[in-house]
Amino acid sequence: MLSSVQKRYWGTHTFKTSRSLEERCNQILRNMEASLTARDRVGIQDFVLLDPHTSESAFLDNLRKRFHENLIYTYIGTLLVSVNPYKELDIYSKKQMDTYMGVNFFELPPHIYALADNVFRTMQSEFNNHFILISGESGAGKTEASKKILQFYAVSCPSTKLLNNVRDRLLLSNPVLEAFGNAKTLKNDNSSRFGKYMDIQFDHQGGAVGGHILSYLLEKSRVVHQNHGERNFHIFYQLVEGGEEDLLRWLGLERNCKNYRYLVQGDCAKVSSINDKSDWKTVRKALSVIEFSESDTEHLFGIIASVLHLGNIKFDVDARGYATLNNNQEMHWVSKLLGIPNQVLQQGLTHRKIEAKTEEVFSPFSVDHAVYARDALAKAIYGRTFNWLVNKINESLANKDSSRKTVIGLLDIYGFEVFSVNSFEQFCINYCNEKLQQLFIELTLKSEQEEYEMEGIEWEPVPYFNNKIICDLVEEKFRGIISLLDEECLRPGEATDITFLEKMEEKIGGHPHFVTHKLGDQKTRKTLDRGDFRLLHYAGEVTYCVVGFLDKNNDLLYRNGKEVMRQSKNAIIKHCFPSTEPDSKRRPETVVTQFKSSLVGLTEILMSKEPWYVRCIKPNEAKQPGHFNDVLVRHQVKYLGLMEHLRVRRAGFAYRRKYEIFLQRYKPLCPDTWPNWKGTAAEGVQLLIKHLGYKPDEYKMGRTKIFIRHPRTLFATEDAFQV
Ligand code: ATP
Ligand code: MG
């Protein structure tokens, strides 16, 4: 029976139990037996234990069975697959956390806490940095998973008054960032509209001593426009619904979302799954815990309110056809809340400043232009305030002590999304997901197999789809979509969204993952408009409408818009629009190019750490509990590369370490290597494993590393320390 147990593997830890190896194996055995006898009902908790020739259907059967038993977690080795239950499960209590703390990864049923605990203890024992990549499409449960992990660390880490302080700030940074960066979309009522990477820093004792957040490309366009069935960022509704009477009066707001243009376009200000009033209270409390002063919050809400007022500003047409603002009530509020003289604001919203040789000339806007400038200003104000907020949270999470720390990074980024109409935002989000899939492939399927080859280990290669071809299509220098888009953005006045499309057709028309109306066959043409292009992403086809691509990529804020903001007395706005900011003489980087660079930075951060994976799956499109849509899940299993991962895992080696590290750790177990081994590390390891009685099929010696097939072997070695 133990042979099936051999398929499991675990890390090199000492555990909180002092049970003997035999007892622990028996426990695993009992779990296994229970799992096997109950298999028909509840499935198998580690896919590695399924029949070696597991088909995709068997894989799916297992997920479905478990899902219907409320068993949402399943392992593929140390990778955790999580299926969104769309209902509250009683599996996240403090008691559950205690159960998982310090217990071997495979001794208990799969859980996000088991993964969190394993990462933490590996970090502690090896004193190195780790990250958990949480992926899956929009609504699959990434943000929830990242919150569970953070909560687990908050409870399981050592606590002192000081540490508790940090813990509270780490936890409460979440509702604040979600309020400002999440929104209801058609896919998810709490969809992350920004990417978030959070480092949690731990000291030698495992205390969480600080944190740092990096945010990626907030979807600013949502501030001024929402599609039907979608909302603006939560904070607007929270303020209007939950804001105290005095506060609303001071901000000039009415308690009715319907009164604000920026809040009604999606026609769904009220959402049954969201309680804006109570969320408002949580955010208020959280802001005070993360050290926002009274004046910070005052200024912050002043900004949120002024964005709402800005959205309500209407322009009149003067006799010459230009935009004017006549004694506008909204102007009064924006001017008051941002501390900008009414006249200055008025001028800024209706005129563009042109610098002639000797003087400044103000050219009036048409109404369309004025509306554009107003919306651009609203987006800029919100976007910059969001960045300020992240910085402010970082200040509060910063660890002042300079001693070396180890970190666990949590990556929770907007998931792959496909709507009926997809624009520049979806293009950026889906590109980001391509990059993360590429990273996953690099770190698991590709590097794992390359490593065997490099180390001279015999290996039957596992084929997989490498999405590098799509990443290249998007980001390749000079001929990738990003380059072509940027090129068009450099031709103001001449280029349009359609010339961008034509340029793509000309330069990348033959690419197998790119198609347009003109390039497609008859069948494709029926489903594509002239202004569309379609990308065959790793996760499926997405049709993008080019309208707005150039504009959103340029993200122009008229120069006098910035100058007006510089006169603000609102401390946050002052900070966000510094007078030292270079003027538009030097062309700022386009949005997509900045995004691309930030993703390169993120990849570098991640590559320097040990990876762990949570792959989230969305069971149905209706956000309903109990519904498991086979077609939908099968598609996700496919594109998430789960079958390939399983094949590599099953055929591979559970554990590998450089000879030096292995020897260093285990040499006390062998009198021939302890204390001072003189030969090469590989020879030392050979002696060591001979002494430990490893059987030939249990391990392989590579060029620089030892590879151990089954965790049981390592488990026994670890146990030898305790004897
Ligand atoms: P996006 O890419 O749009 O940000 P996401 O993957 O982050 O999506 P979440 O916001 O984490 O998705 O999850 C969507 C919703 O699904 C949650 O608001 C919650 O209602 C439900 N959900 C997700 N995970 C769980 C869970 N473990 N238990 C209960 N409900 C869950
Ligand atoms: Mg999310």
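## Starting from one pair in a sheet

Let's begin with a single pairing: Leu-80 has Val-614 as its bridge partner in strand β16. Keep in mind that this is a predicted model. Further along, Val-83 pairs up in a similar way, with Ile-617 as its bridge partner in β16. Both pairings belong to the link between β2 and β16 (residues 610-617), two strands that run parallel and are joined by four bridges.

Now look at the other neighbour of this strand. β2 also pairs with strand β1 (residues 73-76), this time in the antiparallel sense, again over four bridges. Here Tyr-75 is the residue that stands opposite Leu-80. So Leu-80 is a handy landmark: find Tyr-75 across from Leu-80 in one direction, and Val-614 as the partner of Leu-80 in β16. As a bit of background, strands of a sheet pair through backbone hydrogen bonds, either parallel or antiparallel.

## The turn and the covered strand

How many residues sit between the strands in the hairpin of β1 and β2? There are two, and Gly-77 in this hairpin takes a positive phi near 60 degrees.

Is strand β2 (residues 79-83) mostly covered or mostly open? Mostly covered: five of its five residues are buried. You can check this one face at a time. Leu-79, Val-81 and Val-83 are on one side, Leu-80 and Ser-82 are on the other, and every one of these is buried.

## The whole sheet

Zoom out and you'll find that β2 is part of an open sheet of seven strands with mixed pairing, in the order β1-β2-β16-β3-β12-β6-β7. The edges are β1 and β7 (208-216), each of which pairs on one side only. Going from one strand to the next, the twist averages 20 degrees.

Helices lie across this sheet too. Helix α17 crosses β2, β3 (130-135), β12 (406-412) and β16, and runs at about 125 degrees to β16. Helix α27 (residues 642-651) lies across β1, β2 and β16, running at about 50 degrees to β1.

## A closer look at Asn-433

Helix α17 covers residues 424-454, and Asn-433 is found in it. Why does Asn-433 count as buried? Because its relative accessibility is 5%, and the cut-off for buried is under 20%.

So what does Asn-433 touch, leaving aside its neighbours within four places in sequence? The contacts are Gly-136, Tyr-414, Gly-415, Phe-416 and Tyr-538. With Phe-416 you can be more specific: the side chain of Asn-433 reaches the backbone nitrogen of Phe-416 at 3.4 Å. As for Leu-389, that residue is 44 residues away from Asn-433 along the chain, and the C-alpha atoms of the two are separated by 25 Å.

## Greasy cores

The largest nonpolar core has 115 residues. Those with the most contacts inside this core include Ile-132, Tyr-153, Phe-180 and Ile-381. Which helix gives the most to the core? That's α16 (residues 367-397), with 14 residues.

Ile-381 makes a good example to click on. Leaving aside neighbours within four places in sequence, Ile-381 is in contact with Ile-303, Val-307, Leu-310, Leu-338, Met-565, Ile-573 and Phe-577. There is also another core, lying apart from the largest one; this other core has 69 residues, among them Phe-67, Val-474, Ile-481 and Leu-640.

## Around the ligand

Ligand 1 is surrounded by 19 residues, and the closest are Asn-84, Ser-138, Gly-139, Lys-142 and Ser-191.

Several polar side-chain atoms come up to the ligand. In Lys-142, one lies 2.7 Å from an oxygen atom of ligand 1. Thr-143 has a side-chain N or O atom 2.8 Å from an oxygen atom of the ligand. Tyr-92 faces a nitrogen instead: a polar side-chain atom of Tyr-92 is 3.0 Å from a nitrogen atom of ligand 1.

## Another set of strands

Finally, visit strand β19 (residues 705-708). Lys-705 and Phe-707 point one way, Ile-706 and Ile-708 point the other way, and all are buried. Strand β17 (residues 655-658) runs antiparallel to β19 and is joined to β19 by four bridges, with Tyr-655 opposite Ile-708.

Strand β18 (residues 699-701) also pairs with β19 in the antiparallel sense, over three bridges. Lys-700 stands opposite Phe-707 there, and a hairpin of three residues joins β18 to β19.

How values were computed. Residues are numbered from 1 along each chain as its sequence is written. Chains are lettered from A and ligands numbered from 1 in the order in which they are written. This is a predicted model: local features need pLDDT of at least 70, side-chain atom pairs count only at pLDDT 80 or more; totals for chains, interfaces and linings use all residues. Side-chain values use heavy atoms; hydrogens and water are left out. Buried means under 20% relative accessible area, exposed over 50%, partly exposed in between (1.4 Å probe, protein chains only). Contact means heavy atoms within 4.5 Å. A polar contact is a pair of N or O atoms within 3.5 Å; within protein, one must be able to donate a hydrogen and the other to accept it, and residues adjacent in sequence count only if both atoms are side-chain atoms. Two strands pair if DSSP finds at least two bridges between them. Axes are lines fitted to C-alpha atoms, for helices over the stretch in contact, and angles run from 0 to 180 degrees between N-to-C directions. A nonpolar core is a set of buried Ala, Val, Leu, Ile, Met, Phe, Trp, Tyr and Cys residues joined through side-chain atoms within 4.5 Å. A residue is near a molecule or strand if one of its heavy atoms lies within 4 Å of it.
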